[in-house]
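Welcome, and thanks for taking a look at this one with me. Below is a short tour that begins at the ligand and works outward through the chain.

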Amino acid sequence: MSDDQTPTDSKLTRSKRRWAEEGKFLTGRISRPETERLPPGQHLVKNWPVLDLGQQPIISTDTWRLEVRGLVETPLDLTWMAFHALQQSTRVTDIHCVTTWSRYDNKWKGVSTRDLLDQATPKPEAHYVMLTSYDGYTTNMPLSDFAAEDAILATSWEGSPLTRDHGGPMRLVVPHLYFWKSAKWLRRIELLGGDAAGFWEKNGYHMYGDPWREQRYSGD
Ligand SMILES: Nc1nc2c(c(=O)[nH]1)N[C@H]1C(S)=C(S)[C@@H](COP(=O)(O)O)O[C@H]1N2
Ligand SMILES: [Mo]
C-alpha cells in the first residue's frame, strides 16, 4: 500500500465525497453552489405575485385555530395566543412557483414546523401530512419534507404581519418544494401513514414537486 492510499483517499472515499458534493442519494433539501440558485425553467421576480383559488378567507385571530391531527401522540388545538407562546423562529428562504417565477430572500417569522411537531409527537407510523386551509385548499407532502429545517409556519414577512392575500394570519412555507405546497390560511395538519393527493395533486400536479428536478406535473 503506497503512502497516498490513506483512508481519506481510497476510491470509495473519493466517490463518496463526490456523491456528497452532488447530493446523490439525498432526498429533500440539497445544498447547491450559488451559481445554481435558480432552478431549471424559473425566472427571477422582485415583486411577489398572488396566486390562489380566488377565495381569500377573512380569519380573525380571535377565532383562528390550528389543528394537528392523525398519527400523533398529542392532538393539538392551538389558539392564536397558544401558537405565539411556542418558540418563535425566523427563516430567510427562496420561493419557487410552478408558474416559473422565483423570488429570493424572503424573511419569515413564525413557528418552525419542527417545533410544532415536537408538541404533537408524531407516531412512528406517520410518514405523510395532509394540509387543509380555511379556503378548502389541500396539499400533501412527506412528513420529513414538512419537518425540513427551513420549513416554517409563518405569521410575518419582512418584519410585518403576513397580509391576507399571501395567506395571513398564518401560512406554511416549505422552501425546497414548489410553492403550491406552501398552504396559505393553514387550518389543519393531519399526519398519515400513506400519501394522499391534495387539490393540485388531484388536478395534474406532481405528488412531490421538487423544483430542482422540475417535478411540475404528474408525468414529470
Ligand atoms: N390555502 C391556499 N393555499 C395556497 C393556494 C391556494 O389557492 N389556497 N395556492 C398555492 C399556490 S398555487 C401558490 S403558487 C402559492 C402562492 O402564494 P402567494 O399568493 O403568497 O404568492 O400559494 C399556494 N398556497
Ligand atoms: Mo402556484
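By class, the residues that surround ligand 1 comprise 13 nonpolar, 3 polar and 4 charged ones. That makes a shell of 20 residues, in which Pro-49, Asp-135, His-166, Arg-171 and Lys-184 are the closest. Please keep in mind that this is a predicted model.

Which atoms of the protein make polar contacts with the ligand? Three such pairs are collected here.

| Residue | Protein atom | Atom of ligand 1 | Distance |
|---|---|---|---|
| Asp-135 | polar side-chain atom | nitrogen | 2.7 Å |
| Arg-171 | side-chain N or O atom | oxygen | 2.7 Å |
| Ser-182 | polar backbone atom | nitrogen | 3.1 Å |

On its own, ligand 1 has 530 Å² of accessible area, and the protein covers 97% of it.

**The chain as a whole**

Stepping back, the chain has 220 residues, and 43% of them count as buried. Its secondary structure consists of 5 helices and 11 strands. Among the contacts with a separation of 6 or more, 68% are between residues 24 or more positions apart. The accessible surface of the chain is about 11500 Å², and carbon and sulfur atoms hold 52% of that area.

**The nonpolar cores**

Which residues of the largest nonpolar core touch the most other members? They are Leu-116 and Ile-189, in a core of 33 residues. Several elements supply at least two residues each to this core: helix 3 (113-120) and helix 4 (143-146), together with strand 2 (66-70), strand 3 (76-78), strand 6 (128-133) and strand 11 (186-192). A second core, separate from this one, has 11 residues, including Trp-48, Trp-108, Ile-152 and Leu-162.

Ile-189 deserves a closer look. Leaving out residues up to four places away in sequence, Ile-189 touches Leu-66, Glu-67, Val-68 and Arg-69, and also Leu-116, Val-129, Met-130, Leu-131, Phe-146 and Leu-153.

**Two buried polar side chains**

Is Gln-42 buried or exposed? Gln-42 counts as buried because its relative accessibility is 8%, which is under the 20% limit. Gln-42 sits in the loop between helix 1 (11-22) and strand 1 (43-44). A polar atom of the Gln-42 side chain lies 3.0 Å from the backbone oxygen of Cys-97. Beyond residues up to four places away in sequence, Gln-42 also touches His-96, Thr-100, Trp-101, Ser-102, Tyr-178 and Arg-216, along with Cys-97.

Asp-210 is found in the segment after helix 5. With a relative accessible area of 7%, Asp-210 is buried. The side chains of Asp-210 and Arg-213 make a polar contact at 2.9 Å. Once neighbours within four places in sequence are set aside, the contacts of Asp-210 are His-176, Leu-177, Tyr-178 and Gln-215. Tyr-178 therefore appears in the contact lists of both Gln-42 and Asp-210, as contact means heavy atoms within 4.5 Å.

**Backbone details worth checking**

Most residues other than glycine have a negative phi, and most peptide bonds are trans. A few places in this chain depart from that pattern.

The peptide bond from Gly-168 to Pro-169 is cis, with omega near 15 degrees. Pro-169 belongs to the loop between strand 9 (160-161) and strand 10 (171-173).

Glu-158 is not a glycine, yet its phi is positive, near 50 degrees. This residue lies in the loop between strand 8 (152-157) and strand 9. Its relative accessible area is 40%, so Glu-158 is partly exposed.

Glu-214 is another residue other than glycine with a positive phi, about 45 degrees. Glu-214 is placed in the segment after helix 5 (199-202). At 30% relative accessibility, Glu-214 is partly exposed.

**An exposed proline**

Where is Pro-124? Pro-124 is in the loop between helix 3 and strand 6. Pro-124 counts as exposed because its relative accessible area is 66%, which is over the 50% limit. Pro-124 and Val-72 are 52 residues apart along the chain, and their C-alpha atoms are separated by 8.8 Å.

Note on methods:
Residues numbered from 1 in each chain as written. Chains lettered and ligands numbered in written order. Predicted model: local features only at pLDDT ≥ 70, side-chain atom pairs only at ≥ 80, totals over all residues. Heavy atoms only, no water. Core = buried A, V, L, I, M, F, W, Y, C linked by side-chain atoms within 4.5 Å. Buried < 20%, exposed > 50% of the residue type's maximum accessible area, 1.4 Å probe, protein only. Helix = DSSP H or I, 4+ residues; strand = E, 2+ residues; numbered from the N terminus. Near = heavy atom within 4 Å. Polar contact = N/O pair within 3.5 Å; in protein donor to acceptor, adjacent residues only side chain to side chain. Areas by Shrake-Rupley, 256 points an atom, 1.4 Å probe, with all protein chains shown as cover. Nonpolar A, V, L, I, M, F, W, Y, C, P; charged D, E, K, R; others polar.
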